[in-house]
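I am opening a notebook on a structure that is new to me, and I will write down what I looked up in the order in which I looked.

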Amino acid sequence: MSFAFPSPEFDEAVSALCHGTASEDQVKSLNRLLLVDRAACDEYLIRLELHSRLATTPELFETGLEPKHLATLYQAINLEPTTAPVR
């Protein structure tokens, strides 16, 4: 298995890794990609940081938020791939 960045396969592999469900093939493919693609590596680190912050900040998930507050929260947590210059 191999994949490029950006791609749904990259998204799925990073998500699976964060949730502890990544297959051996996903991990190997992700490792190969991160060694050669600086933009993929940068995006990977951003997503790991976001996952870590979400997992350790329970007040983000308080109940009783009104829909307008949820919209603001969703805008603040934007997982769109970044366009970082390749160095």
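**Entry 1: a starting residue.** Is Phe10 buried or exposed? I note before answering that the model is predicted. I looked up Phe10 and found that this residue is buried, because its relative accessible area is 0%, under the cut-off of 20%.

**Entry 2: the chain as a whole.** I then stepped back to the protein chain, which has four helices and zero strands, and which reads α-α-α-α along the sequence. Of its 87 residues, 24% count as buried. I also looked up how far apart in sequence the contacting residues are: among contacts with a separation of 6 or more, 63% are accounted for by residues 24 or more positions apart.

**Entry 3: the aromatic pair.** I searched the whole structure for aromatic pairs, and one was found. The rings of Phe5 and Phe10 have centres 4.8 Å apart and planes at 70°, so I record the pair as edge-to-face, since an angle over 60 degrees counts as such. Phe5 is buried as well, because its relative accessible area is 14%, under the 20% that sets the limit. While I was at Phe5, I checked the peptide bond that leads from Phe5 to Pro6, and I found that this bond is cis, with omega near -5°. Pro6 itself lies in the segment before α1. For comparison I note that most peptide bonds are trans.

**Entry 4: helix α1.** I followed the chain into α1, which covers residues 8–18, and listed its buried residues as Phe10, Ala13, Val14, Ala16 and Cys18. What do the buried residues of α1 pack against? I found that they pack against α2, residues 24–36, and against α3. Just after α1, I came to Gly20, which takes a positive phi of about 75°. I add as background that most residues other than glycine have a negative phi.

**Entry 5: two residues of α1 in detail.** I chose Ala13, which is found in helix α1 and is buried, with a relative accessible area of 1%. Leaving out residues up to four places away in sequence, Ala13 touches Phe3, Gln26 and Leu30. I also looked up the spacing of Ala13 and Val27, which are 14 residues apart in sequence and 7.2 Å apart in space, taken from C-alpha to C-alpha. My second choice was Cys18, also located in helix α1. With residues up to four places away in sequence again left out, Cys18 touches Leu48 and His51. Between Cys18 and His51 I noted 33 residues in sequence, and 7.0 Å in space from C-alpha to C-alpha.

**Entry 6: α1 against α3.** I next took up the packing of α1 with α3, the helix of residues 38–55, and wrote down an angle of about 40° with the axes 11 Å apart. The crossing in which α1 passes α3 is right-handed. From α1, the residues Phe10, Asp11, Val14, Leu17 and Cys18 take part, and they meet Ala40, Glu43, Tyr44, Arg47, Leu48 and His51 of α3. Sorted by class, this contact of α1 with α3 has seven nonpolar, one polar and three charged residues.

**Entry 7: α2 against α3.** I then looked up α2 and α3, which pack at an angle of about 120° with their axes 6 Å apart, in a crossing that is left-handed. Here Leu30, Leu33, Leu34 and Val36 of α2 meet Arg38, Ala40, Cys41 and Tyr44 of α3. The class count for the contact of α2 with α3 is seven nonpolar, no polar and one charged.

**Entry 8: the core.** Last, which residues make up the largest nonpolar core? I found 12 residues in all, namely Phe3, Phe5, Phe10, Ala13, Val14, Cys18, Leu30, Leu33, Leu34, Ala39, Ala40 and Tyr44. The elements that give two or more residues to this core are α1, α2 and α3, and the largest share, four residues, comes from α1. My notes thus return to Phe10, which is buried, belongs to the aromatic pair with Phe5, and is one of the residues of this core.

How values were computed
Residues numbered from 1 in each chain as written. Predicted model: local features only at pLDDT ≥ 70, side-chain atom pairs only at ≥ 80, totals over all residues. Heavy atoms only, no water. Axes fitted to C-alpha atoms, helices over the stretch in contact; angles between N-to-C directions. Left-handed = near helix turned anticlockwise from the far one by under 90°. Contact = heavy atoms within 4.5 Å. Nonpolar A, V, L, I, M, F, W, Y, C, P; charged D, E, K, R; others polar. Buried < 20%, exposed > 50% of the residue type's maximum accessible area, 1.4 Å probe, protein only. Phe/Tyr/Trp six-rings, centres within 6.5 Å; stacked < 30°, edge-to-face > 60°. Core = buried A, V, L, I, M, F, W, Y, C linked by side-chain atoms within 4.5 Å.
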